[in-house]
Amino acid sequence: MNFFDNVGFMAIGTRLRMLSEKMTEDASKIYEMYNVDLKPKWFPVFYVLSQNEEKSITIIANEIGHSHPSVSKIVKEMIKTGILSEKKDTNDGRKNNIKLTKMGKTIANQIKDQYIDVENAVAKTLDQSRHNMWRAMEEFEFLLDQKSMLQRVTEQKKAREAKQVKIIPYTPKYKILFKQLNEEWIRAHFKMEETDRKSLDNPKEYILDKGGEILIALYKEEPVGVCALIKMEDPNYDFELAKMAVSPKATGKGIGWILGDAVIKKAHVMGAQKIYLESNTVLKPAINLYHKLGFKKVIGYPTPYERCNIQMELELKNYPNIN
């Protein structure tokens, strides 16, 4: 069985590299056939310079979509062979402009027949194809410009791992875990405060008996995250979302989002209209998560925490897919 039929789409990078190597090998032979003293990798730089008098390396890099160091290396090679030359920009002495030498211009004139033949050969090959690879490449490049393959694979990883996350209600056997995860998180960024100790040492009395709730996140059946809803006496709010902590070994799996979403939906089931939370702006990932969950900044509420410098709220009527 063909390797790529066996491996499938995940080998697209390997397949493109092999196709590129095959095309590059033929390109070298084509240059030889037309007695054109160019290397295939030089072509983009050579072509843009053959259309204008001179350009800086930065402009060349932008036009051909290569990195500045890559273009700089190619330019040095081409200068060494006598195809290009460089000189200081008359308006900016910090910048060098690159242009074709007399030898380079001779090659630019000599290569015209090669351009015609290669263009026609590629066009004929595309015409013989059921799928126009050129158009397909344009579309694929556009899609990757919108969202890189790294981002797309990361999304798939999170989606797969999210299916292995289960949210369950708190039971007394998770009391130590609830305290440990929160203490670990707090001490990593701030210091433990008296209000922390009250809720973490006595979650039943301080949270559950007062009408609150605690949820536990399991990943592959192992407890890795916690989050609480604390009943509030403030008439403007029903619950405070608090004591969210995820084990460092489970970060990057979207567990914070899953926990937050579950807690918000739990609050809705419990009849809540509005949820409140407190945090600190140095915790950028956490603040970003709260914004994604729909929380908005509010001002002017007293807090028992020294570390708190931002308060946020969420009106549940604005939360999507709440029903």
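**Chat over a predicted model**

Trainee: How many disulfides does the structure hold?

Mentor: It holds 0 disulfides. Keep in mind that this is a predicted model.

Trainee: OK, what about Cys227, where is its nearest cysteine sulfur?

Mentor: That would be the sulfur of Cys308, 16 Å away, and Cys227 is in no disulfide. Seen from the other end, Cys308 has the sulfur of Cys227 as its nearest cysteine sulfur, and Cys308 is in no disulfide either.

Trainee: Is Cys227 buried or exposed?

Mentor: Cys227 counts as buried, because its relative accessibility is 0%.

Trainee: And Cys308, buried or exposed?

Mentor: Cys308 counts as buried too, since it sits at 12% relative accessibility and the cut-off for buried is under 20%.

Trainee: Switching to helices. At what angle do helix 3 and helix 4 pack?

Mentor: Helix 3, residues 43-51, and helix 4, residues 57-64, pack at about 110 degrees, and their axes are 10 Å apart. Angles of 65 to 115 degrees count as roughly perpendicular, so that is the word for helix 3 and helix 4.

Trainee: Which residues meet there?

Mentor: From helix 3 you have Pro44, Val45, Val48 and Leu49, and they meet Ile60, Glu63 and Ile64 of helix 4. By class, that contact has 6 nonpolar residues, no polar ones and 1 charged.

Trainee: Now the sheet with 3 strands. In what order do they come?

Mentor: The order is 1-3-2, in an open sheet with antiparallel pairing. Strand 1 (55-56) and strand 2 (84-88) are at the edges with a single partner strand each, so each has one side without a neighbour in the sheet.

Trainee: How many bridges join strand 2 to strand 3?

Mentor: There are 5 bridges between strand 2 and strand 3, the latter being residues 96-100, and the two run antiparallel. To pick out a pair, Ser85 has Lys99 in strand 3 as its bridge partner.

Trainee: What does helix 5 touch on that sheet?

Mentor: Helix 5, residues 68-80, packs on the sheet and touches strand 2 and strand 3. The direction of helix 5 makes about 110 degrees with that of strand 2.

Trainee: Further along, how do strand 7 and strand 8 run, parallel or antiparallel?

Mentor: Strand 7 (residues 239-246) and strand 8 run parallel, joined by 2 bridges. Phe239 has Ile275 in strand 8 as its bridge partner.

Trainee: How many residues of strand 8 are buried?

Mentor: In strand 8, residues 274-279, 5 of the 6 residues are buried, so the strand is largely enclosed by the rest of the structure.

Trainee: Back to strand 7, what's up with the phi of Lys243?

Mentor: Lys243 has a positive phi of about 55 degrees, although it is not a glycine. Lys243 is placed in strand 7, and it counts as buried because its relative accessibility is 9%.

Trainee: And the phi of Glu221?

Mentor: Glu221 is not a glycine, yet its phi is positive as well, at about 70 degrees. Glu221 lies in the loop between strand 5 (213-219) and strand 6 (222-231). At 55% relative accessibility, Glu221 counts as exposed.

Trainee: Last one, Asp196. Which residues does it touch?

Mentor: Leaving out residues up to four places away in sequence, Asp196 touches Ile186, Lys191, Lys243, Tyr305 and Arg307. Asp196 is in helix 11, residues 194-201, and counts as buried at 0% relative accessibility. Asp196 and Pro304 are 108 residues apart in sequence, but their C-alpha atoms are 9.7 Å apart in space.

Methods: Residues are numbered from 1 along each chain as its sequence is written. This is a predicted model: local features need pLDDT of at least 70, side-chain atom pairs count only at pLDDT 80 or more; totals for chains, interfaces and linings use all residues. Side-chain values use heavy atoms; hydrogens and water are left out. Axes are lines fitted to C-alpha atoms, for helices over the stretch in contact, and angles run from 0 to 180 degrees between N-to-C directions. Helices (H or I, at least four residues) and strands (E, at least two) are DSSP runs, numbered from the N terminus. Angles under 35 degrees count as roughly parallel, over 145 as roughly antiparallel, 65 to 115 as roughly perpendicular and the rest as oblique. Contact means heavy atoms within 4.5 Å. Ala, Val, Leu, Ile, Met, Phe, Trp, Tyr, Cys and Pro count as nonpolar, Asp, Glu, Lys and Arg as charged, and the others, Gly among them, as polar. A disulfide is a pair of cysteine sulfur atoms within 2.5 Å. Buried means under 20% relative accessible area, exposed over 50%, partly exposed in between (1.4 Å probe, protein chains only). Two strands pair if DSSP finds at least two bridges between them.
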